[in-house]
Amino acid sequence: MGRKFLVALGGAMLTLSMAACSGGGAGSGDDKSSAKPGDLTIGVSMPTQTSERWIADGNAVKSKLEGKGYKVDLQYAGDDIPTQSQQVDQMITQGADVLIIAAIDGTALSSQLQAAASAKIPVISYDRLIRGSKDVDFYVSFDNYKVGVAQGTALLVGLGLLNKDGSKGTAKGPLNVELFAGSLDDNNTQFFFNGAMDTLKPFVDDGTLVVKSKQTTPEQVATLRWQQETAQKRMENLLTSSYNDGSKVDGVLSPYDGISRGIITALQNAGYGTGAKKLPVVTGQDAEIASIKLINDGVQSSTVFKDTRLLADQAVNAAEAFLQKKEPEANDTKTYNNGVKVVPSYLLPIVTVYKDDIKTALIDSGYWTAEEVAAGQAKK
Ligand code: GAL
């Protein structure tokens, strides 16, 4: 064997063993508390860039971690499950010390999580709970049931059945509403839908609200991957199948701003919003800038604001705690059972935003500027 080859082989083995070391960095059970932030990498896996909220989340987590000196490997998976699995696999082999993951499909990452656990890499589930795995160490999110209650309540307020203070409004039924839910593979979807339906149920039961299409089960009203186009299509179909007799839709329960915009486009294409045919009350979530403009213009009725800056803070706190071999601070240790275990969670509060609240909730807090609201676009 030539000397050159031996040297090359030696080099390759050294690289391999270094990779194994850093791959198992946390893995070797090393105490990270003494490591310098600059030697530690946090893998951040986000679902998609088609929704601006996940871009804001990714940027916020990255800049906060970098501000503390950590290295960050931020990846977006284009809403494709195999891509996300592959990206997480790669973060593990490249030696991530902590993983922060917002899953596309809450049940699809079990083998990655197992690999992370064998390498002793702590996993933080970001906003969407990863299900069916014991290897989820912490969960940061909002109170997702309350998001649903807020959406149901905002629909009732928009329709005039309730006042903002919770007292009875002056409107009278029957009013026609249609229901939309998110992607069924996202653990949050059932929390949003249950919170909303628990709030709307008494009004449906006494006939004040009528779901003319009769589509009321999560399976019937779900929107795969939360896609705007899918929601638009379903709204178009609902209008043709249930409202071609001259009747009108008065309200639509929507769980997310992208879905709301799809619903609104379908309604506008069918003549709503012109003349006497008023646009229905449409709810939302995430305070996406395109929807904030629509709310400001009186087109969309409300959204639920979840401050992604605060969520990013909690994710960063949890990551640091793990690196220092501490348990992150949880404020809920009961609600989020992922099918295998209850995952300790930090849940943040939410804010309902109607037109009147845009200034105080979003502009004064620095989430969006007045110019961005007017333009309906985030400044780069
Ligand atoms: C959910 C999240 C919502 C919304 C939705 C679509 O998991 O909790 O805030 O962003 O995904 O992206």
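This is a guided tour of a predicted model, going from the ligand and its surroundings to three helix pairs and two backbone details.

**The ligand and its shell**

Begin by selecting the ligand together with the residues around it, which are R53, W54, D127, R128, D186, N188, F192, W226, Y256, Q285, D286 and K306. If you colour this shell by residue class, it divides into 6 charged, 4 nonpolar and 2 polar residues. Now show the helices as ribbons and pick out α2, residues 52-67, and α6, residues 187-205, each of which supplies at least two residues of the shell.

Next, keep the ligand in view and display the side chains of D127, R128 and D286, taking the polar contacts one at a time. In the side chain of D286, an N or O atom lies 2.6 Å from an oxygen atom of the ligand. For R128, the corresponding distance between a side-chain N or O atom and a ligand oxygen is 2.7 Å, and for D127 it is 2.9 Å. With a surface switched on, you can then look at how the ligand is enclosed: on its own it has 300 Å² of accessible area, and the protein covers 98% of that.

**Three helix pairs**

Two packed helices are described by the angle between their axes and the distance between those axes, and both values are given at each stop below.

Stay with α6 from the ligand shell and add α5, residues 144-158. The axes of α5 and α6 are 7 Å apart and the helices pack at an angle of about 40 degrees, which means that α5 is oblique to α6. Viewed as a crossing, α5 and α6 form a right-handed one.

Then move along the chain and select helix α8, residues 228-242, with helix α9, residues 257-269, which pack at about 40 degrees with 7 Å between their axes. That angle makes α8 oblique to α9, and the crossing of these two helices is right-handed.

Keep α9 selected, hide α8, and bring in helix α10, which spans residues 289-296. Here the packing angle is about 55 degrees and the axes of α9 and α10 are 9 Å apart, so α9 is oblique to α10. What is the handedness of the crossing of α9 and α10? The crossing of α9 and α10 is left-handed.

**Two backbone details**

For the last two stops, switch to a backbone representation and zoom in on the loop between α5 and β6, the latter covering residues 175-179, where P174 has its place. The peptide bond leading from G173 to P174 is cis, and its omega is near -5 degrees.

Finally, go to the loop between β2, residues 71-76, and α3, residues 81-93, and select D79. Although D79 is not a glycine, its phi is positive, at about 55 degrees.

Technical notes. Residues numbered from 1 in each chain as written. Predicted model: local features only at pLDDT ≥ 70, side-chain atom pairs only at ≥ 80, totals over all residues. Heavy atoms only, no water. Near = heavy atom within 4 Å. Polar contact = N/O pair within 3.5 Å; in protein donor to acceptor, adjacent residues only side chain to side chain. Areas by Shrake-Rupley, 256 points an atom, 1.4 Å probe, with all protein chains shown as cover. Helix = DSSP H or I, 4+ residues; strand = E, 2+ residues; numbered from the N terminus. Nonpolar A, V, L, I, M, F, W, Y, C, P; charged D, E, K, R; others polar. Axes fitted to C-alpha atoms, helices over the stretch in contact; angles between N-to-C directions. Parallel < 35°, antiparallel > 145°, perpendicular 65-115°, else oblique. Left-handed = near helix turned anticlockwise from the far one by under 90°.
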